[in-house]
Amino acid sequence: MDLLAALAARAPALALHLPAHGRGRGLAPPLAALLRRPPASWDLPELPEIGGPLEAEGAVAASQAATAALLGAQRCWYGVNGASGLLQAALLAVADPGQRVLLPRNLHRSLLHGCLLGQLQPVLFELPFDPATGLWLPAPADHLQQVLAAALKAGPLAAVVLVSPSYQGLSGDLAAQIAVCHRAGLPVLVDGAHGAHSGLAPGLPPSALACGADLVVLSLQKAAGGLAQSAVLLQAGERVEPARLQRSLLWLQTSSPSALLLASCAASLAFLHGDRGRRQLGRALVLAGRLRQRLGAAGLPLLANQDPLRLLLPTAALGINGLAADAWLLQRAVIAELPEPGCLTFCLGMVPPPGLLRRLPRQLLALRCALGSEPLPPFQAPPLPLVAEPELSLALAWRAPAEAVPLEQLQGRIAAEALCPYPPGIPLLIPGERIDGARQAWLLAQRRLWPGQIPDTVKVVAP
Ligand SMILES: Cc1ncc(COP(=O)(O)O)c(C=O)c1O
């Protein structure tokens, strides 16, 4: 289908994917009003009165200052290249080339790319793993303490990155995790891409800033009513100099940021934090609670998570791979956000689609009837040490002369590319890692679990 025609097509029955504005239903009203003005009248350059995210004067600077005050940050920068672009700028600000940065295994690939761009050495740490769903779970503070001790034994670290909440709406005791890092003298960058609404209603976890984060990146299309690509970087405390952030933003940012996306940053956060936005969020949470209850009563209990607007259906318990469940539902115009081998994540968004309470349980019961069987066997935890660093630097491994080798023959070789099912965009293998027998066997098992997402051959560094 032609791209413009695809954008103009009618919405499917149940679109439970991002952006969280749900095809405009939950778009922050001032933004919706702007979009009703003559088309593109709002598509403006950095005129003196508007300015841009790095300018000291102008409407953008004033708006960023107001947003920082609203969210309890010292500084705020708007971004137009998604959470990805701001995470990369934040990484480049907290570490210099050659320095080591501690990151969780469930890192989004943009962070890996940030390490590559900044020539940083990623030190990856293991997370608790749930064999029933195949999901990584949030790290308890004492786990992180052990991780830090192991990582620091091998040399100094420049910073720690934590992901909270996860794509699936899982979050642990973030304040305790951050306190552990601060006690070790390390600044913490929180990838809060999925947490713009944190702290704004009872039942949601506190915001990353309230938990003491030094830097936080929020995507405004994942848990607020902003347009795709709009995101913010927030800074608090004394551990990271704003001038370093300003500089790395300059390195990575377009010189013509979309005025519409910048306005989307401002409007989506102002609305979400205001009375009307909180009421809208409250209504979505009530509906989510009723849906959870209804599904439970129908014998389809959802997994517990910390974001009620993310519904986590444990398909493995129904005997169905989440990717197969997704394909079946797609044919019936039900679009989930994130299919994984053990579960399916639906995003309800800021204003869930009409008829959801009636239609989703019916479709999921039909899914179980059509594809359900005995629960899938437990998922195998990735055979990874508590902390690990690529043997060869990312920058060298990713550019090295490489050869494609069948997965069955990876043992002993060094990866020259990432293996990364998308979504969720979490790498299973990163360039520079040497693959041992256990990892090879695990990757072969992953290929069966992610059909079509993991190729038969992987590029490895040529001898
Ligand atoms: C945890 C996490 N961080 C960062 C990102 C990147 O966000 P964006 O697509 O806005 O660049 C994603 C995207 O899915 C994500 O899941």
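## Working through the fold: exercises

Pro19 sits in the loop between β1 (14-15) and α2 (29-35). Helices here are DSSP runs of H or I with at least four residues, strands are runs of E with at least two, and both are numbered from the N terminus. This is a predicted model, where local features need pLDDT of at least 70 and side-chain atom pairs count only at pLDDT 80 or more, while totals for chains, interfaces and linings use all residues. Residues are numbered from 1 along each chain as its sequence is written, and side-chain values use heavy atoms, with hydrogens and water left out.

### Exercise 1: backbone oddities

Work out what the peptide bond from Leu18 to Pro19 looks like, then do the bond that joins Pro423 and Pro424.

*Solution.*
- Step one: from Leu18 to Pro19 the bond is cis, and omega is near 0°.
- Step two: Pro423 and Pro424 are also joined by a cis peptide bond, with omega about 15°.
- Step three: place the second one. Pro424 lies in the loop between β16 (402-406) and α14 (437-449).

Now turn to phi: what value does Arg23 take, and what value does Ala333 take?

*Solution.*
- Step one: Arg23 is not a glycine, yet its phi is positive, near 55°. Arg23 belongs to the loop between β1 and α2.
- Step two: Ala333, again not a glycine, has a positive phi near 65°. Look for Ala333 in the loop between α11 (322-330) and β12 (334-335).
- Step three: check accessibility. Buried means under 20% relative accessible area, exposed means over 50%, and partly exposed is in between (1.4 Å probe, protein chains only). Arg23 comes out at 48%, partly exposed, and Ala333 at 27%, partly exposed too.

### Exercise 2: strand β3 and its neighbours

Decide how many of the five residues of β3 (100-104) are buried, and find the strands that pair with β3.

*Solution.*
- Step one: count. Five of the five are buried, so β3 is largely enclosed by the rest of the structure.
- Step two: sort the side chains. Arg100, Leu102 and Pro104 point one way, and Val101 and Leu103 point the other way.
- Step three: find the partners (two strands pair if DSSP finds at least two bridges between them). β3 runs parallel to β4 (121-125) over five bridges, and parallel to β7 (159-163) over two bridges.
- Step four: match residues. Val101 has Pro122 of β4 as its bridge partner, and Leu102 faces Val160 in β7.
- Step five: add the helix. β3, α5 (109-118) and β4 form a right-handed β-α-β unit. Right-handed means that, with the strands pointing away from the viewer, the path from the first strand over the helix to the second runs clockwise.

### Exercise 3: two helices

Find which residues of α5 are buried and what they pack against.

*Solution.*
- Step one: the buried set is Ser110, Leu111, Leu112, Gly114, Cys115 and Gly118.
- Step two: list the packing partners, with contact meaning heavy atoms within 4.5 Å. They are α4, β3, β4, β7, β8 (188-191) and α13 (394-399).
- Step three: step off the end. Gln119, just after α5, has a positive phi of about 50°.

Next, find where the buried residues of α8 (242-252) lie around the helix axis.

*Solution.*
- Step one: Leu245, Ser248 and Leu249 are buried.
- Step two: seen down the axis, the buried residues fall within an arc of 105°, so they line one face of α8. That arc is taken from the directions from the helix axis to the C-beta atoms.
- Step three: recall the helix rule. An α-helix has 3.6 residues a turn, so residues three or four places apart point the same way.
- Step four: flip to the other side, where Ala243, Leu250 and Trp251 are exposed.
- Step five: the cover over the buried residues of α8 includes β2 (75-79), α4 (82-94), β9 (215-219) and β10 (231-235).

### Exercise 4: a loop residue

Is Leu204 buried or exposed, and which residues does Leu204 touch?

*Solution.*
- Step one: Leu204 is in the loop between β8 and β9, and is buried at 11% relative accessible area.
- Step two: leaving out residues up to four places away in sequence, Leu204 touches His197, Gly199, Leu281, Leu285, Gln306, Asp307 and Pro308.
- Step three: take Leu281. Leu204 and Leu281 are 77 residues apart in sequence, with 11 Å from C-alpha to C-alpha.
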